[in-house]
Amino acid sequence: MPTQTVESLVEGGKATAAPPLGPALGPLGVNIGLVIAEINKKTADFKGMQVPVKIAVRTETKEFTVTVGTPPASQLILKEANIEKGSSNPALEKVADLKIEQIIKIAKMKQDSLLGKSMKERVKEIIGTCRAMGILVEGEPAGDATKQVNDGNFDSEIASEKTELTAEELKELEEEKKKLAKEIEAKRAEFTVKAKALIESMKGKPTGEVKAKLAEAGIPTMISDELLGEAKAAAAAAAGIAAPGAAAPGAAGAAGAAGAKPGAAPAAGAAGAKPEAKKDFGKK
């Protein structure tokens with residue numbers, strides 16, 4: 001059956017029949033009020049955000065479907081966690097904590113693009129994304145939070161699709177985030193001390209061997225690479241190795257001497273002295 005499509009950007013939960021939607025939908029003969037109501041229902045959780053929507057209208061029956069576009073789940077998680085980026089080492093470093101209500105909120109926002117057929121399945125998908133970003137759920141690692149969902153611990157919240165948090169709960173999340181940041185800082189300092197001692201004890205060994213030992217000791221790759229780079233630079237400086245492209249001390253003079261063409265006149269500075277005067281052996 002032929003369909004016509006209208007695409008537009010609307011403010012979450014606040015679409016109206018004013019331009020651009022009204023004039024675009026009018027010629028299609030669809031009930032504009034019902035379309036607007038459906039859009040606002042599906043975009044209610046995007047308050048304050050511009051949301052892309054697509055309205056497909058069947059030209060014969062005037063039936064319609066509304067599809068809501070959303071940012072990636074990872075971006076919505078960052079927004080809920082109030083952080084700029086996820087963890088660079090999610091297995092060891094946790095950067096934020098989310099409540100189950102926030103997970104449900106994101107699952108509702110992404111419901112048209114997630115694979116899960118039920119809210120419970122969609123919630124688990126969002127928790128899986130949290131795992132890859134180093135974000136806790138209800139104070140637990142993502143894997144444990146998924147188990148709790150499977151065990152029915154959050155059935156009440158999921159069934160009611162509760163998405164709002166109290167001011168006290170939001171305050172607790174901010175405190176938890178500060179605590180996690182301090183833990184990351186302390187852990188990195190501990191790893192750095194341990195890695196430096198290992199690198200020093202293996203001085204002169206092949207880099208690959210040192211790197212393998214650091215990995216065996218549980219040092220994160222990012223810290224290992226950073227410290228090995230510093231050690232290499234320090235060793236090069238101690239050995240007097242110049243930076244690439246820079247001439248070594250005295251090299252310019254040597255190069256000048258070696259590069260002189262046969263028969264070329266001596267440089268003025270090197271000649272210095274005046275040419276020797278001819279001797280007249282005929283005179284005494």
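Begin the tour by selecting Ser8 in this predicted model: Ser8 stands opposite Val53 of strand E2. The two residues mark a point on a pair of strands. E1, residues 3–11, runs antiparallel to E2, and nine bridges connect them.

**Strand E2 and its hairpin**

Next, select residues 50–58, which make up strand E2. Colour the two faces of E2 separately. Val51, Val53, Ile55 and Val57 belong to the covered face, whereas Gln50, Pro52, Lys54, Ala56 and Arg58 belong to the uncovered one.

Add residues 64–68, strand E3, to the selection; E3 pairs with E2 in the antiparallel sense through five bridges. Within this pairing, Ile55 is found opposite Val66. A hairpin is formed by E2 and E3, with five residues between the strands. In the turn, Lys62 has a positive phi of about 65°.

Thr61 can be selected in the loop that joins E2 and E3. Is Thr61 buried, exposed or partly exposed? Its relative accessibility is 39%, and Thr61 therefore counts as partly exposed. Show Gly29 as well: 32 residues separate it from Thr61 along the chain, and the distance between their C-alpha atoms is 9.7 Å.

**The nonpolar cores**

Now display Leu21, Ile39, Ile55, Ile103, Val123 and Ile135, the residues with the most contacts inside the largest nonpolar core, which has 48 residues. Centre the view on Ile39. Leaving aside residues up to four places away in sequence, Ile39 touches Val10, Ala15, Leu21, Val53, Ile55 and Val66. There is also a second, separate core of 11 residues; among its members are Ile199, Met202, Val210 and Ile223.

**Helix H6**

Move to helix H6, residues 142–150, and highlight its buried residues Ala142, Ala145, Thr146 and Val149. Looking down the axis of H6, one finds these buried residues within an arc of 100°, so they line one face of the helix. To see what they pack against, select helix H5 (119–133), strand E5 (135–137) and helix H7 (155–160). Just after H6 comes Gly152, with a positive phi of about 85°.

**Helix H10**

The next selection is helix H10, residues 221–238. Its 18 residues reach 26 Å from the first C-alpha to the last, close to the 26 Å expected at 1.5 Å a residue. Which residues of H10 are buried? They are Ile223, Ser224, Leu227 and Leu228. Because they cover an arc of only 120° around the axis, these residues are on the same side of H10. Turn the helix to find Thr221, Lys232 and Ala237 exposed on the other side.

Add helix H8 (167–201) and helix H9 (207–216) to the view, since the buried residues of H10 pack against both. One of those buried residues, Ile223, also belongs to the second core. Just after H10, Gly240 adopts a positive phi of about 75°.

**Confidence along the chain**

Finally, colour the protein chain by pLDDT. The mean is 83, and 84% of the residues reach 70 or more. Select residues 246–284, where pLDDT stays under 50. How many contacts beyond four places in sequence does the model have for these residues? It has one. Where pLDDT is low, the predicted coordinates should not be read in detail.

Definitions and conventions: Residues numbered from 1 in each chain as written. Predicted model: local features only at pLDDT ≥ 70, side-chain atom pairs only at ≥ 80, totals over all residues. Heavy atoms only, no water. Buried < 20%, exposed > 50% of the residue type's maximum accessible area, 1.4 Å probe, protein only. Helix = DSSP H or I, 4+ residues; strand = E, 2+ residues; numbered from the N terminus. Pairing = 2+ DSSP bridges. Expected span 1.5 Å × (residues − 1). Arc of directions from axis to C-beta. Contact = heavy atoms within 4.5 Å. pLDDT = per-residue confidence, 0-100. Core = buried A, V, L, I, M, F, W, Y, C linked by side-chain atoms within 4.5 Å.
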